[in-house]
Amino acid sequence: MTKPLVGIIMGSTSDWETMRHAADMLEALGVAHETRVVSAHRTPQRLYDYATSAADRGLKVIVAGAGGAAHLPGMAASMTHLPVLGVPIESKALKGMDSLLSIAQMPGGIPVGTLAIGKPGAINAGLLAAAILATSDEALARRLKDWRAAQTDGVADTPE
């Protein structure tokens, strides 16, 4: 079994409906990853243990999905030097704007790459994680280029 290079974490099991799209994208590109439920509020020790051990365990990127107050991506970023990509989960109350603003408004010095709300953000987080890894993996770079070429080829020339 290949060691995971990307960690996908989320605040609750209900976030999997969104975050599975990041996992699907990584699978399509052949990138080993792991998935965990790690709540910044309900399981802070689990978050601490996960984030502080991530690099030593061989992870290169963390994709963190969170809704509402959305502290997970920022808290993870504060505990690791690895790139953290934040996916705002669409919330019922504010349609994910609360999540987006919570993730995007990190203080200077603790960066979190913030993606779009919901499924598009999760898909792009998977692609961005792969692109980060592809800077030092020529085979992955080729798979990513091929995926993008197939996406381009799939666009019709005419509307009918």
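**Strand β1 and its surroundings**

Me: What makes you say that both faces of β1 are covered?

Reply: Look at the two sides of β1: V6, I8 and M10 are on one, G7 and I9 are on the other, and all of them are buried. Buried means under 20% relative accessible area, and five of the five residues in this strand, which spans residues 6-10, are buried. So β1 counts as mostly covered. Keep in mind that this is a predicted model.

Me: Which strands does β1 pair with, and how do you know that they pair?

Reply: Two strands pair if there are at least two bridges between them. Five bridges join β1 to β2, and five bridges also link β1 to β3, residues 61-66. Therefore both count as pairs. β1 runs parallel to β2, and its pairing with β3 is parallel too.

Me: What are the bridge partners of V6?

Reply: V6 has H33 as its partner in β2 and V61 in β3. Further along β1, I8 stands opposite T35 in β2.

Me: Why are β2 and β5 said to stand at the edges of the sheet?

Reply: The open sheet has five strands in the order β2-β1-β3-β4-β5, with parallel pairing. β2 and β5 (113-114) each have a single partner strand, so one side of each is left without a neighbour in the sheet.

Me: What kind of unit do β1, α1 and β2 make?

Reply: They make a β-α-β unit, and it's a right-handed one.

Me: Now for V31. How do you know whether it is buried or exposed?

Reply: Check its number: V31 has a relative accessible area of 5%. The cut-off for buried is under 20%, so V31 is buried. V31 sits in the loop between α1 (16-28) and β2 (33-37).

Me: Which residues does V31 touch, leaving aside those up to four places away in sequence?

Reply: V31 touches V6, L26, A130, L133 and L140. Contact means heavy atoms within 4.5 Å. As for G7, it is 24 residues from V31 in sequence and 11 Å from it in space, C-alpha to C-alpha.

Me: How much space lies in the largest pocket, and what lines it?

Reply: About 200 Å³ of space lies in the largest pocket. It is lined by 13 residues, and the closest to its centre are G11, S39, H41, R42 and G67. By class, the lining has seven polar, four nonpolar and two charged residues.

Notes. Residues numbered from 1 in each chain as written. Predicted model: local features only at pLDDT ≥ 70, side-chain atom pairs only at ≥ 80, totals over all residues. Heavy atoms only, no water. Helix = DSSP H or I, 4+ residues; strand = E, 2+ residues; numbered from the N terminus. Buried < 20%, exposed > 50% of the residue type's maximum accessible area, 1.4 Å probe, protein only. 1 Å grid on protein atoms, 1.4 Å probe; cavity = no way out; pocket = protein on both sides within 12 Å on 5 of 7 lines; lining within 4 Å. Points joined across faces, edges and corners; volume = space filled by probe spheres on them. Nonpolar A, V, L, I, M, F, W, Y, C, P; charged D, E, K, R; others polar. Right-handed = clockwise from strand over helix to strand, strands pointing away.
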